[in-house]
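User: Hi! Could you take a close look at one part of this model for me, the place where a helix of one chain packs against helices of the other? I'd love a connected walk through the contacts and the aromatic rings there.

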Amino acid sequence: MNHLTDQQLNDLLAASPRELQQMSDASELALASTHAAQCEQCGARFASMRDSLALFREAATSYAGERQHRVPAWQPPVRGFSFPPVFWTAAAAAALLAIVLPLQMVLRQSQPPAAQQTVAAVSPHPASDSDQALLDGVSRELSESVPSPLDALADPSGSASQPSQIANQRTN
Amino acid sequence: MVPNNIQMLSPTELSLEAQVRPTPLDDIDSIVAMYQPRVFRFLLASLRDQDAAETLTQETFLRAWNARHSFREDCSIPTWLIRIALNLARDHTRTGRFRFWKRVASTAVEASDVAASLPSYERSAEKTLIARQQIASIWETVGKLSNRQSSIFLLRFMEEMEIPEIAAATGLPLGTVKSHLYRAIDAVRAQHQDALKERS
């Protein structure tokens, strides 16, 4: 057999230890492996490259290991029971009320007594009295035969004199 | 006709059932402890930027956790994690911003730094020096490969994944993986031989 071709050397280098153990004796890989074991030149080429790759792995592993301590251990995001968005909206509204209501109560209590007296003076009668007066007024209006805004229509004679009065005012 | 003893589930019920079903990733603490170094190492070697590797390592496990119910166990957990990391790294390197910051980043990984990390036990000073030169040479050569060749090379020779596993992680056919791997080996071997000639 001639020396190993680049392809055969690549086959040997790319093969994993398990593949090299499990290869059949008649396979291309087995023939290449046998040749590398017997031929000093090809064996040296193969061993040199294989050892360099092993060194590369060793150094890369060591280098990454030295820097590994900087990487914080990953922790899964804590995701227990999650409330629906409606819950958060309601909670926010409740929190807002809890702030606003006591504040408003405090503001009312801190209002000066004079202001309260003024309010009392403006409305001396109870609310029920004013309502009754309003209702009486409405009833009175309804009971009138002609509403006051339509008085002019109800008395045509009176209305005839009005345009002349207006005309006089215009001439003046 | 559906037999009476078979319960038909609506898509919503199926989805809920999938979320309730236990997954191999439920014990996330063990998964992180076991595979975080590996994911970080792969991302660090791929991106050559420590900050980006740290960020994407965290992102990989967050994505895995969020998608744990879709893990169908058609590949191993590390292969699945590497697949997520690969996708994140690819998306990251596609941005122009990454290319800009790669040039100026203070956290960029230098070949000499990696070579210097080689433990010097059981080696003479001369052998350690030669070994460090070889490592720096491989690191630089891998950095010049295409993203796909570089990823496949790292998965094979740094993560020691077999070709079918790499195919599962990258989503590429076996032949394509082999083709990219062999081109990467050719490039690294050519550089290695040049270095040997210079030394002799």
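**Where the two chains meet**

Analyst: Of the 172 residues in chain A, 20% are buried. Happy to walk you through it, and please keep in mind that this is a predicted model. Chain A has nine helices and zero strands, so its pattern along the sequence is simply α-α-α-α-α-α-α-α-α. Among the contacts in chain A with a separation of 6 or more, 54% link residues 24 or more positions apart. One example of residues that far apart in sequence starts in helix α1 (residues 6-14) of chain A, where A:Gln8 sits. The C-alpha atoms of A:Gln8 and A:Ala32 are 24 residues apart along the chain and are separated by 6.3 Å. A:Gln8 counts as buried because its relative accessibility is 13%.

Now to the part you asked about. Helix α4 (residues 40-68) of chain A and helix α7 (residues 125-144) of chain B have axes that come within 9 Å and cross at roughly 85°. With that angle, α4(A) and α7(B) are therefore roughly perpendicular to each other. On the α4(A) side, the residues in contact are A:Ser52, A:Leu53, A:Leu55, A:Phe56 and A:Ala59, and they meet B:Ala131, B:Gln134, B:Ile135, B:Ile138 and B:Trp139 in α7(B). Sorted by class, this contact of α4(A) with α7(B) has eight nonpolar residues, two polar ones and no charged ones.

The α4 helix of chain A also packs against helix α8 (residues 147-157) of chain B, at an angle of about 90° and with the axes 10 Å apart. This makes α4(A) and α8(B) roughly perpendicular to each other as well. Here A:Leu53, A:Phe56 and A:Arg57 in α4(A) meet B:Phe153, B:Leu154 and B:Phe157 in α8(B). The residues of this contact of α4(A) with α8(B) divide into five nonpolar, no polar and one charged.

A:Phe56 takes part in the contact with α7(B) and in the contact with α8(B), so let's look at the rings. Over all chains, the structure holds four aromatic pairs. One of them is formed by A:Phe56 and B:Trp139, a tilted pair with 6.3 Å centre to centre and 45° between the planes. Because A:Phe56 lies in helix α4 of chain A and B:Trp139 in helix α7 of chain B, the pair joins two chains. A:Phe56 counts as buried, because its relative accessibility is 0%. B:Trp139 is buried too, because its relative accessibility is 3%. Another tilted pair is made by B:Phe71 and B:Trp80, with 4.8 Å centre to centre and 40° between the planes. Both of these rings belong to buried residues: B:Phe71 has a relative accessible area of 7%, and B:Trp80 has a relative accessibility of 8%.

Back at the α4(A) contacts, A:Phe56, B:Trp139, B:Phe153 and B:Phe157 form one aromatic cluster. Arginines lie over two of these rings. B:Arg48 is over the face of B:Trp139, at 3.9 Å from the ring centre. B:Arg156 is over the face of B:Phe157, at 5.4 Å from the ring centre.

Methods:
Residues numbered from 1 in each chain as written. Chains lettered and ligands numbered in written order. Predicted model: local features only at pLDDT ≥ 70, side-chain atom pairs only at ≥ 80, totals over all residues. Heavy atoms only, no water. Axes fitted to C-alpha atoms, helices over the stretch in contact; angles between N-to-C directions. Helix = DSSP H or I, 4+ residues; strand = E, 2+ residues; numbered from the N terminus. Parallel < 35°, antiparallel > 145°, perpendicular 65-115°, else oblique. Contact = heavy atoms within 4.5 Å. Nonpolar A, V, L, I, M, F, W, Y, C, P; charged D, E, K, R; others polar. Phe/Tyr/Trp six-rings, centres within 6.5 Å; stacked < 30°, edge-to-face > 60°. Buried < 20%, exposed > 50% of the residue type's maximum accessible area, 1.4 Å probe, protein only. Lys NZ or Arg CZ within 6 Å of the ring centre and 35° of its normal.
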